Amino acid sequence: GSYTVTYSVSDANGNAAASVVRAVSVVDTTKPVITMLGNATETVEAKGTYADAGASASDTLDGNLTGSVTSVSTVNTDAVGSYTVTYSVSDANGNAADPVTRTVSVVDTTKPVITLLGNVTETVEAKGTYTDAGASASDTLDGSLTVTSVNTVNTDAVGSYTVTYSVSDANGNAADPVTRIVSVVDTTKPVITLQGNATETVEAKGTYTDAGASASDTLDGSLTVTSVSTVNTDAVGSYTVTYSVSDANGN
């Protein structure tokens, strides 16, 4: 405000001097000071919740102005990037504090997650067709992702094979790979085909020439048949020729 200092005096005989007045203006030109609470830089995971630590403020004349501090935040946790929170305040006499800014980095360090569809282990018959059930993947920020797979399954050979699924999100975070085990097995019996007739007649003391048999297997192809013959042309009777074969996997 505006104030006065008034000077007066009288001499020994009571003569009063004309008063003299000094005008004094008390002014407030001092800015308040903002003090940031917490760190000047913060990091928050994408899709997370950012809770700002705020700021306090004090003024030489008005004292504590913390309740009057305003902030403007550009933080968007739905998008990776660098954002700011800016704090400002003015005192009762309109002196604005120097604004204070916090930098907030929104980052994506979370791996996507792969979910296997179907069974962890599968079995397929040799020479059959293996149809993979695939896998799905989701990411906190990117949502659903397309999985890639590396398939070593070879149904032409008995053995254990893998199908490995992998995916990375838009920010290069690679999911933990997921693997399916596929066993190619051979449980199919070979098939014997009789050559000639199922019944034959030969004259006693004659020569019996067997027509033989062929065999084929789904995996091994053509096989060599073994036969056991009980035929004795020296004696009239009924005899058998039995054909047998096993494939490479013991069927």
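Student: How do the residues of the lining of the largest pocket divide into nonpolar, polar and charged?

Tutor: The lining of the largest pocket divides into 12 nonpolar, 10 polar and three charged residues. Please keep in mind that this is a predicted model.

Student: How much space lies in that largest pocket?

Tutor: The largest pocket holds about 480 Å³ of space.

Student: And which residues of the lining are the closest to its centre?

Tutor: Those closest to the centre of the largest pocket are Glu200, Thr201, Tyr208, Val231 and Tyr239, out of 25 lining residues.

Student: Let me change topic to charges. How many salt bridges does a search of the whole structure find?

Tutor: The search finds seven salt bridges in the whole structure.

Student: Take Lys31. Which side chain does it meet in a salt bridge?

Tutor: The partner of Lys31 is Asp98, with 2.9 Å from N to O. Lys31 sits in the loop between β2 (20-25) and β3 (33-36), while Asp98 sits in the loop between β8 (81-88) and β9 (100-107), so this salt bridge ties together parts that are 67 residues apart in sequence.

Student: What is the relative accessibility of Lys31?

Tutor: The value for Lys31 is 43%, and Lys31 therefore counts as partly exposed. Partly exposed covers the range between the cut-offs for buried, under 20%, and exposed, over 50%.

Student: What about Arg102, which side chain does that one meet in a salt bridge?

Tutor: Arg102 meets the side chain of Asp52, at 3.1 Å from N to O. Asp52 belongs to the loop between β4 (41-45) and β5 (55-59) and Arg102 to strand β9, so the pair joins parts that are 50 residues apart in sequence.

Student: Is Arg102 buried or exposed?

Tutor: Arg102 is buried, since its relative accessible area is 0%. Its partner Asp52 is partly exposed, at 32%.

Student: Which residue does Asp156 meet in a salt bridge?

Tutor: The side chain of Asp156 meets that of Lys127, and the N to O distance is 3.2 Å. This salt bridge links two loops: Asp156 is in the one between β14 (148-151) and β15 (159-166), and Lys127 is in the one between β11 (121-125) and β12 (135-139), so parts that are 29 residues apart in sequence are tied together.

Student: How accessible are these two, taking Asp156 and then Lys127?

Tutor: Asp156 has a relative accessible area of 47% and is partly exposed. Lys127 is partly exposed as well, with 42%.

Student: On to the sheets. What is the order of the four strands that form an open sheet?

Tutor: The order in that open sheet is β4-β9-β8-β7, and the pairing is mixed. At the edges stand β4 and β7 (70-73), each of which pairs on one side only. From one strand to the next, the twist averages 25°.

Student: How many bridges join β7 to β8?

Tutor: There are four bridges between β7 and β8, and the two strands run antiparallel. Val72, for instance, has Thr86 in β8 as its bridge partner.

Student: What order does the open sheet of three strands have?

Tutor: That sheet has the order β10-β12-β13, and its pairing is antiparallel. Its edge strands, each pairing on one side only, are β10 (113-116) and β13 (143-145). Here the twist averages 30° from one strand to the next.

Student: Which residue is the bridge partner of Asp139 in β13?

Tutor: Asp139 has Gly143 as its bridge partner in β13. Overall, three bridges pair β12 with β13 in the antiparallel sense.

Student: How does β15 pair with strand β16?

Tutor: β15 pairs with β16 (residues 178-185) in the antiparallel sense, over seven bridges. Within that pairing, Thr164 stands opposite Thr179 in β16. β15 is also joined to β14 by four bridges, again antiparallel, and there Thr148 stands opposite Ser166 in β15.

Student: A final point: where is the place of Asn171?

Tutor: Asn171 is found in the loop between β15 and β16. Asn171 is partly exposed, its relative accessible area being 39%.

Student: How far apart are the C-alpha atoms of Asn171 and Thr110?

Tutor: Their C-alpha atoms are separated by 9.4 Å, although Asn171 and Thr110 are 61 residues apart along the chain.

Note on methods
Residues numbered from 1 in each chain as written. Predicted model: local features only at pLDDT ≥ 70, side-chain atom pairs only at ≥ 80, totals over all residues. Heavy atoms only, no water. Salt bridge = Lys/Arg side-chain N within 4 Å of Asp/Glu carboxyl O. Buried < 20%, exposed > 50% of the residue type's maximum accessible area, 1.4 Å probe, protein only. Pairing = 2+ DSSP bridges. Axes fitted to C-alpha atoms, helices over the stretch in contact; angles between N-to-C directions. 1 Å grid on protein atoms, 1.4 Å probe; cavity = no way out; pocket = protein on both sides within 12 Å on 5 of 7 lines; lining within 4 Å. Points joined across faces, edges and corners; volume = space filled by probe spheres on them. Nonpolar A, V, L, I, M, F, W, Y, C, P; charged D, E, K, R; others polar.
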